[in-house]
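Let's take a friendly walk through a protein model, one stop at a time. Keep the sequence and the picture at hand as you read.

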Amino acid sequence: MNHDSPERPVEFVAIINSFNRRALLERAVVSLADALRGAQFGSAIIVFEAGSNDGSAEFLKTWRDNNPADNLSVIEAPAGRSSFSDGVNTGCAAAISRFIRCRWLFLYETDNCLTSVEPLEKAITLLNLEPQLAAAGFTVRQHDGKFFGYGMRFPTALSFALGQNLAGQFNLHAPNNSAWQISDGIRWRTCDVVFTSPLVIRRETWEQSNGFDEKSFPFSDVDLDWAWRCARLGWKMAVIASDDIVHDNLEQLSAWSANRALDFHRNRFRLLKRHRGKYVALLKPLLFIRHWLETMILARKSAADPMAKEKLAKRKQMLRTVWSDYS
């Protein structure tokens with residue numbers, strides 16, 4: 001049931017993807033609901049349940065029944081449409097159709113936690129003050145207080161050819177931040193890409209951009225593609241300085257992560273071809289050499305390291321598929 005009233009219309013809708021991470025899901029929902037109960041705006045929570053079998057769906061049903069004022073609803077993934085991008089698009093479409101006064105879409109993941117509603121209120125204030133901003137994310141930390149990355153610059157062919165480890169060592173993925181500035185007491189800056197964990201999005205931007213490209217980017221790099229398309233439309237992304245948001249999966253990977261390495265290469269190659277040009281295809285010999293070197297290194301380690309053996313199988317797969325765009 002959706003609770004929306006003229007006195008307190010729902011303007012802010014949180015969208016959560018859920019798939020077999022019940023422990024994280026409970027933390028995320030509890031902290032989000034606690035924060036939203038103190039908000040000055042009407043809110044709702046929509047969870048896209050992608051077919052969990054670990055009790056996540058049962059937890060959500062119990063929470064919804066026991067906490068009706070939190071305005072939580074669950075959408076079960078239809079057959080063949082259970083990717084991360086499917087979940088975000090489905091949840092956002094439901095938010096816009098169910099709540100006609102919805103102005104803000106909040107992409108929130110199971111490995112997020114909020115300690116207060118203040119960051120959300122700051123994001124709404126900033127987006128109202130700065131009409132060129134498509135969305136606002138936040139500086140985030142892990143549960144132990146360590147800084148966690150919030151965004152990055154648009155990737156280049158060089159960073160892809162070098163691989164994530166070397167590109168990271170040379171800071172090729174580091175955010176291309178503007179200088180910090182202050183608006184109405186809010187400290188913020190712009191960045192090419194601000195990750196969706198979490199991210200407050202202006203409804204108008206979401207509708208103008210047609211949301212995520214779920215067919216081309218079902219999982220990885222969908223947020224990069226969306227940010228790039230928004231930039232071409234003239235929008236910018238902001239990150240707000242905050243100490244009240246956690247992004248930490250506590251080393252509990254989702255089943256969506258099982259093919260992360262191959263998915264990353266397939267989608268990053270597709271992303272660069274779309275936004276940097278078809279010349280990116282010329283990288284294939286370099287990518288083949290990198291995968292060959294990685295395979296040799298992992299082959300030496302695999303006898304004593306079961307994890308290296310698993311990574312070796314993935315690298316062999318990439319060696320076979322690099323010539324066909326990792327398909």
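Find the loop between helix H2 (56–66) and strand E3 (72–76), because that is where Asn-71 sits. Before going on, keep in mind that this is a predicted model. The phi angle of Asn-71 is near 60°, a positive value in a residue other than glycine. Why does that deserve a pause? Because most residues other than glycine have a negative phi. Is Asn-71 buried or exposed? Asn-71 is buried, with a relative accessible area of 2%.

Another residue with this kind of angle is Tyr-326, in the segment after helix H11 (306–321). Tyr-326 is not a glycine, yet its phi is positive, at about 65°. Its relative accessibility is 0%, so Tyr-326 counts as buried, the cut-off for that word being under 20%.

From Tyr-326 we can step across to a residue that it touches. Phe-269 belongs to helix H9 (residues 260–276), and with 1% relative accessibility it counts as buried too. Which residues does Phe-269 touch, if we do not count those up to four places away in sequence? They are Phe-160, Val-280, Ala-281, Lys-284, Leu-287, Asp-325 and Tyr-326. To get a feeling for distance, look for Ala-39 as well: Phe-269 and Ala-39 are 230 residues apart in sequence, and their C-alpha atoms are 42 Å apart in space.

Now let's turn to the empty spaces inside the model. How many cavities of 30 Å³ or more are there? The count comes to two. The largest cavity holds about 50 Å³ of space. Its lining is made by Gly-137, Phe-138, Val-140, Gly-149, Tyr-150, Val-194, Phe-195, Ser-197, Pro-198 and His-247. Sorted by class, six of these lining residues are nonpolar and four are polar, with no charged residues.

Two names in that lining, Ser-197 and Pro-198, bring us to a special peptide bond. The bond from Ser-197 to Pro-198 is cis, with omega near -5°. In general, most peptide bonds are trans. You can find Pro-198 in the loop between strand E12 (193–194) and strand E13 (199–202).

The second largest cavity has about 40 Å³ of space. Around it you will find Ile-15, Ile-16, Asn-17, Phe-84, Val-88, Leu-107, Tyr-108, Glu-109 and Thr-196. Which elements each supply at least two residues of this lining? They are strand E1 (10–18) and helix H3 (84–98). The largest share, three residues, comes from E1. By class, this lining divides into six nonpolar, two polar and one charged.

Our last stop is Asp-223, which has its place in helix H8 (residues 222–232). Leaving aside neighbours within four places in sequence, Asp-223 is in contact with Val-193, Phe-195 and Thr-196. Two of these names have come up before: Phe-195 is among the residues lining the largest cavity, and Thr-196 is among those lining the second largest. Asp-223 is buried, yet has no salt bridge. Where is the nearest side chain of opposite charge? It belongs to Arg-268, 7.1 Å away from Asp-223, while a salt bridge calls for a side-chain nitrogen within 4 Å of a carboxyl oxygen.

Methods
Residues numbered from 1 in each chain as written. Predicted model: local features only at pLDDT ≥ 70, side-chain atom pairs only at ≥ 80, totals over all residues. Heavy atoms only, no water. Helix = DSSP H or I, 4+ residues; strand = E, 2+ residues; numbered from the N terminus. Buried < 20%, exposed > 50% of the residue type's maximum accessible area, 1.4 Å probe, protein only. Lys, Arg positive; Asp, Glu negative; His and termini not counted. Contact = heavy atoms within 4.5 Å. 1 Å grid on protein atoms, 1.4 Å probe; cavity = no way out; pocket = protein on both sides within 12 Å on 5 of 7 lines; lining within 4 Å. Points joined across faces, edges and corners; volume = space filled by probe spheres on them. Nonpolar A, V, L, I, M, F, W, Y, C, P; charged D, E, K, R; others polar.
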